[in-house]
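User: Could you take a close look at one part of this model for me? I'd like to hear how one helix packs against its partner and what else surrounds it.

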Amino acid sequence: MAGSPPRACPPRAWAWAAIVALSLLMTMGNIVSATGSGLACPDWPLCHGRLLPPAQTEVLIEFSHRLKAIPFTLLLLVTVVLTWRRTTARAPRRLSLILVALLAAQIGLGGVTVLFKLPDLVSTAHLVNALLILAGLIILAEGTRAHPPVPARLKRLAMAGLAALLLQLALGGYVRHAGAGLACPDFPLCSGSLLPHHWESGVHWTHRWLGVVFLGLFVHLALTARRTALARPAAAAAVLAVLQVALGIMAVLGGPAVPLRAAHAVVAYALWGVLVWLSAHAEGWIAVARGAEAPTREIIGGVARAS
């Protein structure tokens with residue numbers, strides 16, 4: 001049973017193509033933010049009132065981000081259409097419609113972000129919504145398939161890790177968009193003090209130490225996954241979490257270097273993707289991805305573990 005696809009399942013290859021396109025789009029969006037190019041095209045959907053913008057570096061960075069949204073949008077819509085053609089199951093169909101709604105929200109948030117001159121909360125919501133789309137696509141691609149049974153505690157840890165990581169990424173997005181990346185310019189202290197002094201340094205300080213605290217969660221996840229089919233991805237998540245904290249410290253001590261800030265965000269997206277994939281393979285999303293089929297498979301998995 002393990003690894004065999006359901007009789008009718010969503011288009012996995014198309015979903016993964018959309019995931020790759022979205023990852024590239026998010027990486028480009030991070031470069032836009034890191035280089036301060038967010039308002040290089042001050043209008044939307046045109047750029048300087050034109051379909052083809054002026055050939056200036058910051059304008060081209062922002063414009064290429066917008067262009068990358070086109071193939072991603074097409075790939076996601078193809079994935080949704082093929083999901084409805086290939087399966088009659090309610091759960092994947094419902095999930096695909098949620099993805100369309102998130103895509104519409106993402107496009108709207110992108111426009112509002114530009115038209116209202118990069119408001120912090122809207123820009124942060126734009127990032128969080130992109131993370132939810134990424135998660136939905138991975139769950140659609142992987143959650144509809146059966147996987148080898150793993151301890152229930154591993155599934156709980158993966159789901160707890162996802163909730164903690166989403167909070168941390170949202171906080172990190174706010175730190176970036178609010179310009180609080182260097183609100184605590186030293187490490188481990190904050191402006192020479194144990195505690196922050198004002199709102200921006202408080203947000204930065206909270207984001208910093210939550211990252212350190214969550215390291216324990218990811219290490220615990222990796223230890224729990226030992227001798228299971230998910231040992232390697234869990235270990236990869238722990239390594240990415242350690243790398244992420246190291247990059248965060250380097251970004252503070254090294255100043256506003258664009259490569260460091262970009263790498264910090266890209267590793268965060270990779271960690272999010274690995275953790276969603278792991279949670280899908282730990283059967284954490286069967287109710288969302290398979291719906292009515294979930295209880296039966298859960299019972300089978302429980303019997304297998306008990307035996």
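**Helix 4 and its surroundings**

Analyst: Let's start with the pairing: helix 3 passes helix 4 in a left-handed crossing. Bear in mind that this is a predicted model. Helix 3 covers residues 90-115, and its axis comes within 9 Å of the axis of helix 4, with a crossing angle of roughly 155°. An angle over 145 degrees counts as roughly antiparallel, and the two helices are therefore roughly antiparallel to each other.

Who does the touching? On the helix 3 side, the residues that meet helix 4 include Pro92, Leu95, Leu99, Leu102, Leu103, Gln106 and Leu109. On the helix 4 side, the residues involved include Val122, His126, Asn129, Ile133, Gly136, Leu137 and Leu140. Sorted by kind, the residues of this contact come out as 16 nonpolar, seven polar and no charged. As for the spacing along each helix, an α-helix has 3.6 residues a turn, so residues three or four places apart point the same way.

Now helix 4 itself. This helix runs over residues 120-142, and its 23 residues should span 33 Å at 1.5 Å a residue; the end C-alpha atoms are 33 Å apart, which agrees. Of those 23 residues, 17 are buried, so helix 4 is largely enclosed by the rest of the structure.

Ala135 makes a handy close-up, as it belongs to helix 4. Ala135 has a relative accessible area of 9% and is buried, because the cut-off for buried is under 20%. Setting aside neighbours within four places in sequence, Ala135 is in contact with Trp272 and Val276. Val213, on the other hand, sits 23 Å from Ala135, C-alpha to C-alpha, with their positions 78 residues apart in sequence.

For some context away from helix 4, have a look at Thr224, which lies in helix 6 (residues 199-224). Thr224 is buried too, with a relative accessible area of 10%. Its contacts, not counting residues up to four places away in sequence, are Arg153, Leu154 and Leu157.

Helix 1 is another one to check for length. It takes in residues 12-34, has 23 residues and reaches 33 Å from its first C-alpha to its last, close to the 33 Å expected at 1.5 Å a residue. Just after helix 1 comes Gly36, with a positive phi of about 70°.

Notes
Residues are numbered from 1 along each chain as its sequence is written. This is a predicted model: local features need pLDDT of at least 70, side-chain atom pairs count only at pLDDT 80 or more; totals for chains, interfaces and linings use all residues. Side-chain values use heavy atoms; hydrogens and water are left out. Helices (H or I, at least four residues) and strands (E, at least two) are DSSP runs, numbered from the N terminus. The expected span of a helix is 1.5 Å times one less than its number of residues. Buried means under 20% relative accessible area, exposed over 50%, partly exposed in between (1.4 Å probe, protein chains only). Contact means heavy atoms within 4.5 Å. Axes are lines fitted to C-alpha atoms, for helices over the stretch in contact, and angles run from 0 to 180 degrees between N-to-C directions. Angles under 35 degrees count as roughly parallel, over 145 as roughly antiparallel, 65 to 115 as roughly perpendicular and the rest as oblique. A crossing is left-handed if the near helix is turned anticlockwise from the far one by less than a right angle, and right-handed if clockwise. Ala, Val, Leu, Ile, Met, Phe, Trp, Tyr, Cys and Pro count as nonpolar, Asp, Glu, Lys and Arg as charged, and the others, Gly among them, as polar.
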